[in-house]
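Trainee: Could you take me through one helix crossing in this model closely, and then show me how the rest of the assembly can be read in the same way?

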Amino acid sequence: MTPAVHIEGLVYAYPGGVTALNGVDLRIEHGERVAVIGRNGAGKTTMARQLNGIAKPTAGTVTVCGTDTAGATTARLAASVGYVFQNPSDQIFAKTVRADVEFGPRNLGRSAEETARLAEAAMAATDVLDFADHHPYHLSPAERKRVALASVLAMDTPVVVLDEPTTGQDHRSVRRIERIVADLHAAGTTVIAITHDMDFCAESFDRVVAMAQGRVIADGTPAEVFARPEELELARVEPPQISRLAAELGWADQVTTVDGFVEELSRRAGGAAGAPGA
Amino acid sequence: MSTGLSVYRGGDSFVHRLNPVTKLAFVAAVVIAAFGVDSLWWPALLFAALVLPGALWAGVGRRFVLLVFGLIAPFLVILFLLQGLTYPDPGTVLLELGPLAVKTEGLLFAGTTALRLLVMVGAFVLLLLTTDPGTLMSAMQQAGLPPKIAYVVAATMQIVPSFQARANAILQAQQARGMDTSAGGALARGRRLIPLMGPLLLGALTDVENRSIAMESRAFGAATRPTALTVVPDSAAQRAARWAMILAAVAAVALNTLGVL
Amino acid sequence: MIVFEDFTYAYPTGSAPVLRGIDLVVEEGGFHGVVGASGAGKSTLAMAVAGFIPHAQGGEYAGRVAVGGAVVADTPLPELVTRVGLVQQNPFDQISGARFTVREEIAFGLENLGVEREEMARRVDAVMADLGIAGLADRSPYALSGGQQQVVAVASMLVMRPEVLVLDEPTSQLDPGGARMVVEALGAVRRSGVTVLLVTHALELLAEHADTLHVLVDGEIAAQGPPAETLADDRMEEWGVGRPRYTEAAARARRDGLWEADRALPATLGAAAAGFRAAVRTEGGRR
Amino acid sequence: MTTTPEARRTPPWLLIAAGSAVIAATYLYLVVWRPESLAAEAGSTGPAALLALVGYLAGSALIIAGAMARMPTSTVALLPIAIAINIVAGQLTNMLGIPLYLDAIGTILVGMLAGPAAGAATGALGNVIWGISISPASLPFSTTQVAIGLLAGLFARWGWTRRVVTGVIAGLVTGAVAAVVSGPIAAFVFGGANASAGRSAIVAVFQTLGLDTLGASIAQGLTVDPLDKAIAFLIALIILRTLPARFSQRFPFAREHSVFHPRRTSVLSRGDGARPAERAPAAAGTRAGDGAGRTGPEERAGGQDGAGEGR
């Protein structure tokens, strides 16, 4: 089976000549949950934009679900890759939430019934059904962010890219996004998120790709990546709170999530207490 | 999409160091003279004797030539085709091509118009190439331009690039949702305006309130007379030169109208 | 000092009040946080302190808000802005655009107040030095990163010497590096004696820096006090605010008997580490 | 209240009236009265080009000064945004390969929201900025932009923007006026030529049909501008009706003249078909007061702080 995303020797230079990506190799299998981290300007978004052909490789190849992006338009690649932009205001335009969510599947040539079904399911998943017939501009920014997410989920693509999904969101919204990522994963969708939120990254993703200066500098499970202080320093990333706590306690084994922490704590305390979450 | 609203690249020549208002007076003077004096050689002389040497003196000759001709060349071709072939008034016909006729008067009219435009565009480009936009606005405010007008001009010049970036982001976001921007006839293209213009305009207008709050937080429009941190150097000589240039231009026009020049 | 007395407010186009019966005293000096879920009324509270409510918004306004003895509703906006500085979320909107360099941008407010030139130059340079942005003086404000722009926005307010600086989610659109820049700048502000009121979702930041924390829930103050106390509150999840992961981990551990029952839940890394060390020791000892 | 030094000397309306009079006089002199001296002598336009330039620019300058003198900060903050919209929307249209300009949408928005004077100032300043930054050749056309902003505001005041149909008709009329006003500049300053080959070809056709350069320029404008402005008005109206009521509420002009017909938005629909006037008691207690009667997003159940957090 072809991988969901296969990037080989990717180099990308802006029209002005500045090199943003400098030899990226990355293979992501179907169904993986991958978080891409690194400081602003590290090349995260530039790389993600290669996946739906908004930017094309200067050198190297990018293949998404078997399609080489070099020869495909963004409109065509949209059938394989759903991309949720960081700023929902960049894409919402229709008079109702529902019409906006239906824009994508309709562009992809889905039938009216299919479009309606997909939109309904996406709105349910993102918890925006309550205001399906409202104007998107009368919603709060957090709600609009969910509408933008729904409008991409409705396209029912095998790969979904989320650009900074938790930025500016309150606790409840972050929780909701964590659940959406879990649901997508359960449905077999490949989820790739660009994020600065290390706690979100640790709780919701199986794999972390750290970037700096246009290259991948670390790639592994959250526990592996967050155990590499030099690379994190290079990526200007502060590990998740739980990782810092474990390090402060001098634990050699990396734990990154609250669950993992409590489990490890009870092991260290001699298993005297009940199982985690009990 | 072209970005940015300034062609200024810095520099330290005499022309660069002049008070921007002086350069503005120069622009006004040559434009008045070029358009007000009724002859073919007069704008040509203004361009060759004043505008072009000014650009060479400032050391921006290459960019000056590229910019001026880039702006004006397509226009000149069209102008000569239009008035060369379809000049409406009666005149000496040099060549007839069916409904089209090449007339001496048509060519003269096109030539005069072309040279005048060359002076106008050239003088402005000289000002823009040698003047920092910030200094231009400071100097104009010093010269009495109301702060609100200065604010609108300065703010617009600075936010346009961000707007262009936003327009690009919107275009990409809709393409990522499967919108094909290249295909289709005029109507199909027209229909795509709403998914693109909608987010651009709505986003911009919702910014207005925050911008207005930010401005009021900075006491913009407070009753006192504003002071200025930056004072653009000026001199009595420059002040005199400004009046002299304008008066010379007006005199040239007057003399021409009276039939002396 | 900021005082709210039985303050209730509804927007002109809204039917239900956004803030209801707010009684709040924010002490002079120091660093104070406001937290709450989206829609709880945090931004409205910030605008009420800065005076844009009611001066720019109208609406239904009851009760009293005062800043350093000046009653907000009775003080004209141009005078109020010299007492309260407001920095909002989007760095792009905070830059006036009226000036082409950072130094002039920061001076813009003083120009509008008619401050004399030498005095203005002195104050601008001092503020830039305090906030560590002297190196940006001649750059275009639009060529800066979001974090740098927010610090310039803070400087633009501070140079007007307000008693209170209100910041409404100033770091929500920034990357961690940018957020750190702003937080460090706020440290400098606080040292200069200005009262800082910060609205944010960044709980860990407040846990480390804030003196007091005020929790807004559906337009009412639900809890207030030192961050260590408020952040440990078990209702934070239900209020939609959440808690730092340290606190969450300790709460879970306490349920499993792995956190000493009489020890307060931690809000910071240091407190959490100390608590867990103690827990592991006693558990190990008991075995 | 802030006033510029000039405004203290002269009331703003007088400046606007004087500016309009200068422009009108220039136009009448050049086009209607058409003095003999204008007749081409050796293929030149005589002083017509200079008169067109000076008269139009001086008139525009007076209108800008008058319109800006007492402008509230909320409107001043709107102007750069509107001008940026003009520029970027024009570029976007061009990029999509749509055979229109759509470079006055921002001007039209300001006219509708903040009135004729503000609209005129936006148009003129936008043109000045375009002129002093990238395209000096466009500077002389500032009067056209003044006319567009002015008319957008006047039509809004007369209630033509309350319905889409009348709004589009207002756009057609505005486009026709714009074409007529541009005529002297296009003909005398630019010799009828246009940077667009298509537009210039139309001028050529009219000239071969026997019109003089001025007539051909105006006729050419009439083939393109009405449609362009009608679509621009339509887009502006769609956008403004989409924005939360709170937005247009901030502009006294739009509020006082209820420029936009109160339209029930789905967000607020409660199944009662009552017209806003009849629903007014429901909004009692707020100072919203006026006939616009639209209620905002905050009304939505769940106590959303739509206004405060809504940015």
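Mentor: Let us start in chain D, where α5(D) and α6(D) pass each other in a right-handed crossing. The model is a predicted one, and every value that I give you should be read with that in mind. Helix α5 of chain D covers residues 105-114 and helix α6 of chain D covers residues 116-133, and their axes come within 6 Å of each other while crossing at roughly 160°. Angles over 145 degrees count as roughly antiparallel, and α5(D) is therefore described as roughly antiparallel to α6(D).

It helps to find the residues that make this contact. On the α5(D) side they are G106(D), T107(D), V110(D), G111(D) and A114(D), and they meet P116(D), A118(D), G119(D), T122(D), G123(D) and G126(D) of α6(D). Sorted by class, the residues of this contact are four nonpolar and seven polar, with no charged residue among them. When you look at that polar count, remember that Gly is placed among the polar residues here.

Staying with chain D, we can turn to what a database record says about the chain. An unreviewed UniProt entry places the feature "transmembrane region" at residues 12-30, 50-69, 76-102, 108-130, 137-158 and 164-190 of chain D. Two of these spans can be compared with the model itself. Over residues 76-102 of chain D the chain is 74% helix and 0% strand, with its end C-alpha atoms 22 Å apart. Over residues 137-158 of chain D the figures are 73% helix and 0% strand, and there the end C-alpha atoms lie 34 Å apart.

Chain D also has a partner, and the contact between them involves 76 residues of chain B and 67 residues of chain D. On the chain B side, the elements that each give two or more residues are α2 (20-36), α4 (61-86), α5 (104-130), α7 (147-176), α8 (186-191), α9 (193-217) and α10 (236-257) of chain B. The largest share of that side, 18 residues, comes from α9(B). By class, the side of chain B that touches chain D divides into 48 nonpolar, 17 polar and 11 charged residues.

Now let us carry the same reading over to chain A, which has 11 helices and 10 strands. Its radius of gyration is 20 Å, close to the 19 Å that the globule rule gives for 278 residues, so chain A is as compact as a globular protein of that length. Taken along the principal axes, its C-alpha atoms fill a box of roughly 60 × 45 × 35 Å.

Within chain A, helix α4 (residues 112-126) packs against helix α5 (residues 141-153) at an angle of about 140°, and the two axes are 8 Å apart. That angle makes α4(A) oblique to α5(A), and the crossing of these two helices is right-handed. The contact brings A122(A), M123(A), A125(A) and T126(A) of α4(A) together with R146(A), L149(A), A150(A) and L153(A) of α5(A). The classes here are six nonpolar residues, one polar and one charged. In the loop between α5 and β7 (159-163) of chain A you will find D156(A), a residue that has a positive phi of about 55° although it is not a glycine.

Chain C can be described in a similar way, with 12 helices and 10 strands. The radius of gyration of chain C is 21 Å, close to the 19 Å that the globule rule gives for 287 residues, so chain C is as compact as a globular protein of that length. Along its principal axes, the C-alpha trace of chain C spans about 75 × 45 × 30 Å. One backbone detail to look for is the cis peptide bond that joins I53(C) and P54(C), with an omega of about 5°; P54(C) itself is found in helix α2 (residues 52-55) of chain C.

Finally, we can look at a crossing that joins two chains. The axes of helix α11 (residues 258-268) of chain A and helix α11 (residues 245-255) of chain C come within 10 Å and cross at roughly 45°, and α11(A) and α11(C) are therefore oblique to each other. The crossing of α11(A) with α11(C) is right-handed. Here V258(A), F261(A), V262(A) and L265(A) meet R245(C), E248(C), A249(C), R252(C) and A253(C), and the residues of this contact are six nonpolar, no polar and three charged.

Technical notes:
Residues numbered from 1 in each chain as written. Chains lettered and ligands numbered in written order. Predicted model: local features only at pLDDT ≥ 70, side-chain atom pairs only at ≥ 80, totals over all residues. Contact = placed C-beta atoms within 7 Å. Helix = DSSP H or I, 4+ residues; strand = E, 2+ residues; numbered from the N terminus. UniProt positions renumbered as here; feature names shortened; annotations may be inferred. Axes fitted to C-alpha atoms, helices over the stretch in contact; angles between N-to-C directions. Parallel < 35°, antiparallel > 145°, perpendicular 65-115°, else oblique. Left-handed = near helix turned anticlockwise from the far one by under 90°. Rg over C-alpha atoms; globule rule 2.2 N^0.38 Å.
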